[in-house]
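Colleague: Could you bring the model up so that we can go through it together? I would like to begin with the ligand and then change topic.

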Amino acid sequence: MVALKVQNTVNTPDAIVVGGGPVGAFTALNLSRLGVKTTVFEEHSTIGLPSHCAGHISIRSLRNIGLYPLPKEIVENSFCAANFYSAKGTKFSIHLSCPVTVALNRARFDQFLAKKAQEAGAEFVLNAHVGSLLVKDGSVKGVTVKQVEGTEENIYSKIVVDAEGVSSRLLRQTGLKPLKPNGLVYAVEAEVDNVEEVEDQAVEVYFGKAYAPGFYGWLIPKKDGSAKVGLATSHGNPRENLKRLMTKHPVASKQLAKAQIKSIGYHAITLGGPIVRAYSDGFLAVGDCASQVKPTTGGGVIFGLICAREAAEVAGQAINLGDFSSSFLKDYQKRCDDLLSFDFRVMLRLRRFLDSLSEEKLDEMFRVCRKLGVDRALANVDEIDFQGKLLLTAVRKPTMLAALVYFGLLYLSANP
Ligand SMILES: Cc1cc2nc3c(=O)[nH]c(=O)nc-3n(C[C@H](O)[C@H](O)[C@H](O)COP(=O)(O)OP(=O)(O)OC[C@H]3O[C@@H](n4cnc5c(N)ncnc54)[C@H](O)[C@@H]3O)c2cc1C
């Protein structure tokens, strides 16, 4: 991987992007392709590090957004199966006819996107923390940047795109509604070796309130016997929950009996659905800071990239027309809503449904799914991101319709 050339000087940009994560870099790439002079400020010294993400992504979605195939050193593994376990260890598996997802090395993926953006003309300034927005007459006009050596500088631009991730500190300064605190779960992910009894091409998903209340645990194997193991939790200490999962869960404890933790990281995931308004005068919010993350799985890369592309197009038009008013920039919101709001609504309901199930009901659900043949009905699925549209297609199959009626009854019995 070629190292990213670091810029130390900032020419006056047309657009500033805050954050050099995948969403910030992809916004910069798309802006630069439109000929917009773009500067990205990233507070860390290396793009992609520290990494906090499993990097489990749909191949179809990557292809649709023009990023697949990827260089092989970024792709750690590909998957055509998933095994789901209840807290008691009841298993429900889906095996598909070909790989539908990949696990990416997130640091390398982020660096790949940043490199592409830089080649397209974007400037990246590392070790540069954006402390605040410069706001004049209610409109965002630039940012205040603090570099490691302590210098602080005001940098002006025509538009600021906020891609700062889940912390969403700058968003608050614009007066836009911040992320819902009750929509956050707290994640831990470890790199482990010596994993046993896992299929090479299957991801493992562990449910159970004792391990991951409000979410689930996962194991994503690599080809060399190592894996990414993690979970997220709405309450409790993620580190202790991970220890419990690795030692007490009836299935995970066997698979991880000899595992050694090589590295570990912590980060929040936002599951509350997109913020109601992600634009204001001279300002757009994109990615995790706008909660453009799937409420079911916590996957935020693909939806973040899709919204980044829309943000860049609208920002590019605003620059061409010289109109940075919120009434013009709201087109960004409309485009994202048109593309994603149906799926977000369905996934928020699915999240509520999953949260409402007791351990016993979840266990029963896995057994009923197996009996109904839901695994066979899903064998040709290649879409995992647009879960609303997936459900619409699925109900055309009698098995899936029966399963959905059953899920509906389960939900009603859990929420009388
Ligand atoms: C444990 C875990 C596992 C996950 N697994 C998956 C998965 O398998 N698949 C998936 O699709 N999603 C996954 N996600 C979610 C995914 O990581 C995020 O949705 C994705 O990283 C969002 O990208 P982003 O660019 O919006 O934010 P980030 O990746 O968080 O990037 C934000 C960047 O902004 C920088 N920054 C922040 N504030 C400032 C500032 N003030 N000044 C300058 N720079 C700043 C940060 O340093 C960072 O580089 C996971 C998340 C977690 C926590």
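Colleague: How far is an oxygen atom of the ligand from an N or O atom in the side chain of Arg106?

Modeller: That separation is 3.0 Å, which fits a polar contact, meaning a pair of N or O atoms within 3.5 Å, where inside the protein one must be able to donate a hydrogen and the other to accept it, and residues adjacent in sequence count only if both atoms are side-chain atoms. Bear in mind that this is a predicted model, where local features need pLDDT of at least 70 and side-chain atom pairs count only at pLDDT 80 or more, while totals for chains, interfaces and linings use all residues. Residues are numbered from 1 along each chain as its sequence is written, and side-chain values use heavy atoms, with hydrogens and water left out.

Colleague: Which backbone atoms come into it, for Ala54 and Val301?

Modeller: A polar backbone atom of Ala54 is 3.2 Å from a nitrogen atom of the ligand, and a backbone N or O atom of Val301 lies 3.1 Å from a ligand oxygen atom. The protein covers 92% of the 1000 Å² of accessible area that the ligand has on its own, by the Shrake-Rupley method with a 1.4 Å probe, where for residues only the protein chains shown count as cover.

Colleague: How many residues surround the ligand?

Modeller: There are 33, the closest being Glu42, His44, His56, Val130 and Asp288, where a residue is near if one of its heavy atoms lies within 4 Å.

Colleague: Changing topic, how many aromatic pairs does a search of the whole structure find?

Modeller: It finds 11, counting rings of Phe, Tyr and Trp (its six-membered ring) with centres within 6.5 Å, and calling planes under 30 degrees apart stacked, over 60 edge-to-face and the rest tilted. Tyr85 and Tyr206 are stacked, at 5.7 Å centre to centre with 20° between the planes.

Colleague: Are Tyr85 and Tyr206 buried or exposed?

Modeller: Both Tyr85 and Tyr206 are buried, that is, under 20% relative accessible area, with exposed being over 50% and partly exposed in between (1.4 Å probe, protein chains only). Phe215 and Trp218 form an edge-to-face pair, 6.4 Å centre to centre with 90° between the planes, and both of these residues are buried too.

Colleague: And what does the side chain of Ser32 reach?

Modeller: The side chain of Ser32 reaches the backbone nitrogen of Ala122 at 3.4 Å, and Ser32 itself is buried, with a relative accessible area of 8%.
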